[in-house]
Structure formats: structure tokens, C-alpha cells
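User: I would like to learn how to read the features of a structure, one at a time. Could you take me through them with a worked case?

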Amino acid sequence: MFVRASHLVLMLSALLISACGVDGKVSKSEPQEEVPETPVEPTDPEPTDPEPTDPEPTDPEPTDPEPTDPEPTDPEPTDPEPTDPEPTDPEPTDPEPTDPEPTDPEPADPLMVNGDFENGEVAPWVGNSGEVLLTNVASQSRSGANSLLVSGRTQNWQGALYGLTNSVAEDSTYHISAWVRMDNLASSDVRMTVKVSDGNGDRYEPLAQASATDSGWVELAGNYTIATSGDVAEIAFYIEGPDAGVSYFIDDVTVTDINDDDLLRVDVDHLSALAEFPIGVAVPAGDAGNSMLNSPERQAIVEQHFSQLTAENIMKPSYLQPSEGNFFFDDADALIAYAENNGLSVHGHALIWHFQIADWMANYSGDASAWQQMLETHVTEVASHFEGQLASWDVVNEAFLDDGSYRNVDVGNDAGSVWYQNIGPQYIEYAFNAARAADAHVDLYYNDYNISWNDTKLNAILTMAEDFIDRGIPISGIGFQMHVDKSGPGKAKIKEQFQKVVDLGLKVKITEVDLRMNADGSATSLTNQLLLQQKARYQEIVEAYIETVPPSLRGGISVWGIADPDTWIVPLYGNPDWPLMFDDQFEPKPALQGFADGLAATDAEEPEQPSDPAPTDPEPSDPQPLFVDDFNAATSWANEGADGQLAATLSHNSAEGTMVVDVPWASDADVVHIKTWFGQELDLSAGNDISLRVKLPADYVADGNLVVQVYIEDSAYTPAFTGWQMASGFVAGDWTTITLSGVGPDFSFGYDGGVDFTKVHAIGIELVANGKDPAISGAIEIDDVTIH
Ligand code: XIL
């Protein structure tokens, strides 16, 4: 294993690098011949990693992180000795500990300052020649808002340079990565070069090379081990290559000490506790040799870090209906029972897919309506069996191809879909309608791959989703599988794609994320470099989600597998690979830390007019609710205490997906109002059904020491209260469903201040202590508030 040199800072004559101090003319390779443009995403252009660095990834022990040991190496500074015996001076000049002298070597400069250009500055970047012009611009960026434009170049070796002289240590190995994009030139060779000036003179060492384009970002990355001799004047790296006159952008530059224990350390107690939305994992079950139900190691991970499960295989059609009309639920039921016992929710995967369907289904014979019936039978039986037990379903999986067309017949590597071939595109809505009819509350997702970077495909899916919304076909959100590569797509692209879904008011769920680290087969072991790259990547994906998807639209993030030995990637592609957050010893990888760090990103703001999943023209048979809050993602309700009312504390129970209302009841006359706004005006003038579920504390007494009353409010803030009748029918300590039919002009309200039913903008709940003894205590839980 590579032994890290003590973090000695190179003691140098340390001239700060300045543009004029660097003369590139001694160097330089000629520009290479133009390489044909390559697709940018998500291929990985990494050069092969030279070091067979130690494979063992995680050493979770905090091996004493502090490099800064404070003990004074020479404690006695001022000599207290009475060197001159005469006590002429009255004060014994007490040896004040005034030695501000740097007894320790100064801490090293940070490895990279201003690598993302988000501070709007250029420094400490400089040109490697006086002609080069560096400008911090907002016109391009790979992540965040800014990048660095490098222009004014008059030689192919000229470019932006970053000095490392004072921040790197002899013998240490650094991973240097920069993203490059051409400005107004379709493609060009670009190179990253390390410059060292020491006792041996100047040398220029190529570190990485790639073909950059003006349509996407490409990564230049490589490892460099510092080995100098004599006096070191300069260590730096720079980006060169394009012809004179050609400009380029750089962004997201990182320099990482790949053996830095601080970076490799994982310190995450409970991943899912860091999020208010489901953090899920796909698990093997049933007959699988690695079934988690027989694996204490896997269970330990799941129970410690996750709040949701997806069955990796056993809820797919071939498992649930292996022969026509014979449904097999035992394995799935066992998994769901495990989930329930451990406070985990379950995401159903998948009702309809072209793959993993039984032979009888693939070869079914019948006309379009027979096929439709066969599809609906499957969806209805399965969704009904699991009714009320799942948070969400992937209703239809992978119905589109990368070119935006419906998956139809086999094309190249893309298998066809018997559903499309026999039914046409309507099969998708048949599946969604049947799923909603079978389970009124479960979230319904359309799920697909490559949509975190493929515009054509995502746009086609969103065109379908918009049409569904317009026609009242129930759809809750879009599932992004996110089987992506270590180097692409970038954060900005991912955010752009999420945003399109958010703009439709649909939920976003990352359903199957894993990170392929060795697509080109160049790695033979899991190096520290790969571990750190993977950490950064998990972090940026999670950040993209938090920064773009507002809490009310977060369906959650699920990883496709528990630990690396379980991954589907290796059997599929053959190369060794390590796409998941736990290693082959079931130890957490830095990726877990990256995921956790990503969860600290700043929340996206709720849209002004939040989700508008409601069809504006509800047909009578329209199964889509006008409003639903299942509290699976978060709680957006507010306390509406007026004068004399109590303030409740509202929180989100993310394990259960409910809202918890905690009231500091003080007297038996206390009243609490909580409510949420729709962000639009709903028309309830035809009379609508309102339902919700309420769980009262155990000290509720049957004669009613608590009243739960629903109210609606119009946009002039005029309310109507449904009445006191809900004082009855509750069970202490358990859930009760309240259903109110025909809430509208003909409903018999307890109080109606003259509400305008065409302009209802909020729904609220009033909790009243009702003058009864004993006063109630303990929190009240609310779930599934729905207006149909
Ligand atoms: C994969 C499983 O992980 C494998 O075990 C199985 O052999 C094939 O399917 N997209 C999906 C998942 O929606 O169902 C796939 O799961 C991975 C790709």
C-alpha cells in the first residue's frame, strides 16, 4: 500500500506563480490531429489509472485525522533562566507564553480554490502566458452558474494554469480532474499537462487527453505523484491543445489527494434519517441466492440506512403471474411483511414491462381487446392484492426508446414490446387506469432509463404525461432509473431534466440509481481514486435532486442494490465493477458519505402554483383526485392559529409517510386550526368527496374529548366548516377514515360563512378539545387527505 509522506509542505523559495513567471515555450507537443467528435455523455474519457493502488477501499477507522498537532515543539521560548543574575529589572519578565512563532510547519494551502468558478472570480487561475485572457462567465457552466472562459490564445500550448506549489506534498498522489467544453468550435483535442520546475530544470508531463466539443462537457483527469529534486520553483497544471485563436471553457476542477483518510472516511449513522423523503434500496428476495431475507449482513445495512424497499425482481410479471391466471404472491408478501416489521415503506416494481414477463404472456394470442383484458387483469389482480401496502408503483417500465419513439419491434439491442405490438400506445393508459382503480392512494409512476441526459426521450415521455394530465389519466410522477456512468451526465444536465418534470407538477423519483465505474474496462480493482470519484458523483446526483425537486414533489431516491456483489451491472457488461454504496465485505464506501453529504444541499423552493396534477376538466368518471396529500414526501401544512387558538407543531413522520400534529393542550376549550393551500382555485361547486385518515392518541375517550372537523376556504378567506359529526366513530390509538360526500353548495355544513365554491383555495382541519375530561394529550396523525 502506498505510504503517505508526512504532510510536509514543500519548503520553497515559493514565488507566487504569476503569468509572466511561467514560460511555456520550452515545451510543447504539437496539437494532435483532430479526433472525430465523440458523444459526450455518458462515456468516460478517463485515461487508465496507472497505479495499482490498493483495492481495499474503506477503512472506516478515523485514523486520527488531525494533521495539526498543536503541541509546541519548543515549549520554552523565552529563556527564563536568570542569565544575568542582577535583578535590575523589577519584573521578572515572566515568561509569558508569547510565542506566536510558527513552531509547526504552516498548514498546506487547500488543494483547490475556485475550481467551480462560482465565486465569480478568476484568481488564483492565471494564463500560462501573458496573452491568455481568463474571464469568469455565466454563459456556460457544467454545474452551478459559472465557468472560466479561456481566450486570447496565440499558441496551441497556451491555456489556464493552476499553481500547486504550496499545496502538494512530495510522494503524495493527486487526482486532478477538469471539465472542458469548446467555445464555437465543434471539436478539438484538449490536454492536461503538469509543469514541474525544480533542481532538474523544467519538465512538462502529459496527464490526460480528450476530444472536447462545443455541445457538452468532457472530463480531463489523471493521477500525478509528486517527485521532485533540489529546489522546487513551481508545480502547476494547465489545459492546452486547441489551435491558436480557439477558446474553451473549463469548470468543476478538482485536485484530490487520493490517499487522504479524511476524504475516504465514512461517518454516516443512519442515511435515511438525513432525509424527509424515502431513501430506498432494491433488494434480492424469493429464490435468489443472495436473498436479503436470508442474509443478516444485508438486513443490517437495510435496517440501518434505508426507509424504503423495492423488490429487485420478485414483483415483476413473470414472478407474480407465472402461468395464466395463477398468481404467486408468497415471496412478495414475505418481503412486504419484513418491510412492515422494520418500518420500511415499499415501492412496487413493476406492473407492466416488456421484459421479465412469462412465456405465456409474451406469446399470448388474441386480438387487441383480448390483450387489453389480459393486461388489465394482471394489473388489477396485482395492484389489488397489494392495495394499501405500497407507497408507489412503477406502473409501466421502459415503454420508450432513446429516439423518443415507442418501443415496438426489436431494433438492434433494443428489445421490442409485445404490449405495444398487440395493443398500441394505449396500453400505457390502460395500465395506469387499472392501477388507480385497484388502489386509490398509491403513487403511480412511469419509469425509464437514460432520461437524466436524453432530451428526446424525456420530452417524448413528458408529452405523454401532459396528455395524461389533460385527459384525467392518473399519473403521479416520473421515475428516473439513473443507471449512469462515473463521468456523466453532469449535475447541470440532471437538474435540467428534473426541472422539466417539476414544471409539470409531477413527482420525481430516482428509482434505480447505480454508478458504473468501469465501463471501459480499464480498472482491475477498486482504487481510492475510483472510490472518491464515486463519492463525488453520488453527492452531485443527490444535490441535483434536492436543489431541483421541491419537497412536495419528492418521491424519493432508491439505489439499485445493497452491496457491490449484488449488482446487476457486472453480469450484464462483464467488466469488474463497483456501482453501489457498500463493498464486497458489506462495509460502507465513501459513496455513502457522498450521498449523505448531498442530502445537506439547499432545498428547491416550492413552486408558486404547486403541482397541478388535477385535470381541469374532470370527466364524471375521472379517477384522478382534484387534490391529494399523502404526506409521503413532506408536510406542507401550516398552523393557522387565530386569536385564542393554540399553535400546533407540525412534523413529518417519514417512516410512515404521515403528518404529526402535536398540540400543547392546556384546557378543555382549546382549538387548533391547520391547513394547506392548493396553489390554485378548485371548483367544488358540483359537490366533491373529501376523505382523510386520522389517528387519535390512546387517551381519546368515546364520548369525544376531541372533535376533528374539516373546513374549506375560498380565496377571499371565507371558510365553511363541515360540522361536528366527526366526534364519533374514532378508535383510540388507531386510524379512522373520515369520508364526506358531496361537499359543495348542497352539503349540510356546521358553519358556512358564504363560501364561493368555485374558488376554493385551501383545506383545513380544526381540532377542538370539546370541553371534555380528561383533556386529550399526545400527538394526532393525519394521512391521505383527498378531494375527489
Ligand atoms: C434487473 C435486475 O437487477 C436483474 O437482477 C434482472 O436479471 C434484470 O433486471 N431496469 C429495471 C430493473 O427497471 O427492473 C432492472 O433490474 C434493471 C434495469
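The dialogue below moves from overall figures to a sheet, two single residues and a ligand.

User: What kind of model is this, and how are its residues numbered?

Analyst: This is a predicted model, in which local features need pLDDT of at least 70 and side-chain atom pairs count only at pLDDT 80 or more, whereas totals for chains, interfaces and linings use all residues. Residues are numbered from 1 along each chain as its sequence is written, and side-chain values use heavy atoms, with hydrogens and water left out.

User: How many helices and strands are there in the protein, and what percentage of its residues count as buried?

Analyst: Helices (H or I, at least four residues) and strands (E, at least two) are DSSP runs numbered from the N terminus; the protein has 13 helices and 31 strands. Buried means under 20% relative accessible area, exposed over 50%, and partly exposed in between, with a 1.4 Å probe and protein chains only; 54% of the 788 residues count as buried. Accessible areas come from the Shrake-Rupley method with a 1.4 Å probe, and for residues only the protein chains shown count as cover; the protein exposes about 32,200 Å², of which carbon and sulfur atoms supply 50%.

User: In what order do the five strands of the open sheet lie?

Analyst: Two strands pair if DSSP finds at least two bridges between them. Here the order is β2-β3-β10-β5-β8, with antiparallel pairing, and the edge strands, each pairing on one side only, are β2 (133-137) and β8 (218-225). At one end of that order, β2 pairs with β3 (residues 147-151) over five bridges, and Thr135 stands opposite Leu149 in β3.

User: Which strands pair with β10, and why is β10 described as largely enclosed?

Analyst: β3 pairs with β10 in the antiparallel sense over three bridges, while β5 (residues 173-183) pairs with β10, also in the antiparallel sense, over nine bridges. Tyr248 in β10 stands opposite Val150, and Tyr248 is also the bridge partner of Met182. Strand β10 (residues 247-257) has ten of its eleven residues buried, so it is largely enclosed by the rest of the structure.

User: Is Gly744 buried or exposed, and which residues does it contact beyond its sequence neighbours?

Analyst: Gly744, in the loop between β28 (735-743) and β29 (751-752), is buried, with a relative accessible area of 0%. Contact means heavy atoms within 4.5 Å; leaving aside neighbours within four places in sequence, Gly744 is in contact with Leu684, Gly687, Phe749 and Phe757. Gly687 is 57 residues from Gly744 in sequence, yet their C-alpha atoms are 4.1 Å apart in space.

User: Where does Gln593 lie, and which residues does it touch?

Analyst: Gln593 lies in helix α13 (residues 590-598) and counts as buried at 13% relative accessibility. Not counting residues up to four places away in sequence, Gln593 touches Arg265, Val266, Asp267, Val268 and Lys535.

User: Which residues come nearest to the ligand?

Analyst: A residue is near a molecule or strand if one of its heavy atoms lies within 4 Å of it; of the 13 residues around the ligand, Glu312, Lys316, His349, Glu512 and Trp560 come nearest. A polar contact is a pair of N or O atoms within 3.5 Å; within protein, one must be able to donate a hydrogen and the other to accept it, and residues adjacent in sequence count only if both atoms are side-chain atoms. A ligand oxygen atom is 3.0 Å from an N or O atom in the side chain of Asn313, and a ligand nitrogen atom is 3.4 Å from an N or O atom in the side chain of Glu398. Taken alone, the ligand exposes 410 Å², of which the protein buries 81%.
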